[in-house]
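Dear colleague,

I am handing over the structure shown below, together with some notes on what was found in it. Please read the notes alongside the coordinates.

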Amino acid sequence: MKKWLLALITLVLTAGLAACGTSGDNTSGGEEESKKIVVGASNVPHAEILEEAKDLLKEKGYEMEIKTFNDYIVPNQALDSKELDANYFQHIPYLEAQMAEHGYKFEVAGGIHIEPIGVYSQEHTTLEDLPEGAHIIMSSSVADHGRILTMLEKEGLITLKEGVEKVKATIEDIAENPKNLKFDTEYEAALLPQIFNNGEGDAVLINSNYAIDAGLNPLKDSIAIEESDSPYVNVIAVREGDKDKPAIKALVEVLHSKEIQDFILEKYEGAVVPVNE
């Protein structure tokens, strides 16, 4: 009887140790799972760039899942709700505007590239050809308005009020408008290629990611394009406190690598300009 009882106790202890061992394996599995990073991105060029970076990131020990989005609202909502570890689709002025409006606690992990905005027209071949009272269609995103108006000011079409902060300029900040241009801000940025293809407006200003996604070549098809020294750098955004996480640092290092920067230059032929800051 004593031998049977001793055997039973030994069996229970062995099972308990095995269970502890299983728990340790699960913890190890959790650590393995933490080697995966989920990044939200616009289809073009962001997701394409991330796809190219996947193998390089894997060499650093991290798997990357890419979730694509077709608008500028949901990726920040998904980052805030922890569905994503990072997103890659927006420039800094837009990010700052979204943080102010929605109270997001985000930070920039690194700047990756610039997408110059282009001016497209079905009827006119230069900005000088735009007629009196021309209908100018631009994004409904207020964060892009200062960028667009600054570009038009450099081209000599308008003059902004003295002392206005260019990044935050709005249509109301136009001081001089010699051609009496009519600005239309009704449409979301993603719809602008379709608006252009429908022949609406005298000129349509389109972000390069949407232009490329719609089969337009910003360098060849636009009648004017933003200069490549634009401050509107597209960034990897993360939740506050996450930018120094090993996975995030590894992602930014890969995106700043010569391999990825060369890929951007070759793939987009100057319509997307890499940065490494």
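The notes below cover the conventions, the strand pairings and then a charged patch.

This is a predicted model, in which local features need pLDDT of at least 70 and side-chain atom pairs count only at pLDDT 80 or more, whereas totals for chains, interfaces and linings use all residues. Residues are numbered from 1 along each chain as its sequence is written, and side-chain values use heavy atoms, with hydrogens and water left out.

Helices (H or I, at least four residues) and strands (E, at least two) are DSSP runs numbered from the N terminus, and two strands pair if DSSP finds at least two bridges between them.

With those terms, an open sheet of five strands shows mixed pairing in the order β9-β6-β10-β5-β11. Its edge strands are β9 (182–184) and β11 (224–225), each of which pairs on one side only. Within this sheet, strand β5 (residues 118–120) runs antiparallel to strand β10 (residues 203–206) and is joined to it by three bridges, with Val 119 standing opposite Leu 205 of β10.

Strand β9 also holds Asp 184, which counts as buried because its relative accessibility is 15% (buried means under 20% relative accessible area, exposed over 50%, and partly exposed in between, with a 1.4 Å probe and protein chains only). From C-alpha to C-alpha, Asp 184 is 8.4 Å from Ser 140 in space, although the two are 44 residues apart in sequence.

Strand β12 (residues 233–239) is mostly covered, with seven of its seven residues buried. Strand β3 (residues 86–91) is joined to β12 by four bridges and runs antiparallel to it, and Asn 87 has Ala 237 of β12 as its bridge partner. Strand β4 (residues 106–114) also pairs with β12 in the antiparallel sense, over seven bridges, and here Phe 106 stands opposite Arg 239 of β12.

On the surface, Glu 52, Asp 55, Glu 59 and Glu 259 form a negative patch; patches are made of residues with over 30% relative accessible area and no salt bridge (a side-chain nitrogen of Lys or Arg within 4 Å of a carboxyl oxygen of Asp or Glu), like charges being joined within 9 Å, with each charge placed at CG of Asp or CD of Glu. Helix α2 (residues 43–59) gives the largest share of this patch, three residues. Asp 55 lies in helix α2 and counts as exposed because its relative accessibility is 57%.

With best wishes

Technical notes
Patches are made of residues with over 30% relative accessible area and no salt bridge: like charges are joined within 9 Å, nonpolar side chains (Val, Leu, Ile, Met, Phe, Trp, Tyr) within 5 Å. Accessible areas come from the Shrake-Rupley method with a 1.4 Å probe; for residues, only the protein chains shown count as cover. Lys and Arg count as positive and Asp and Glu as negative; His and the chain ends are not counted.
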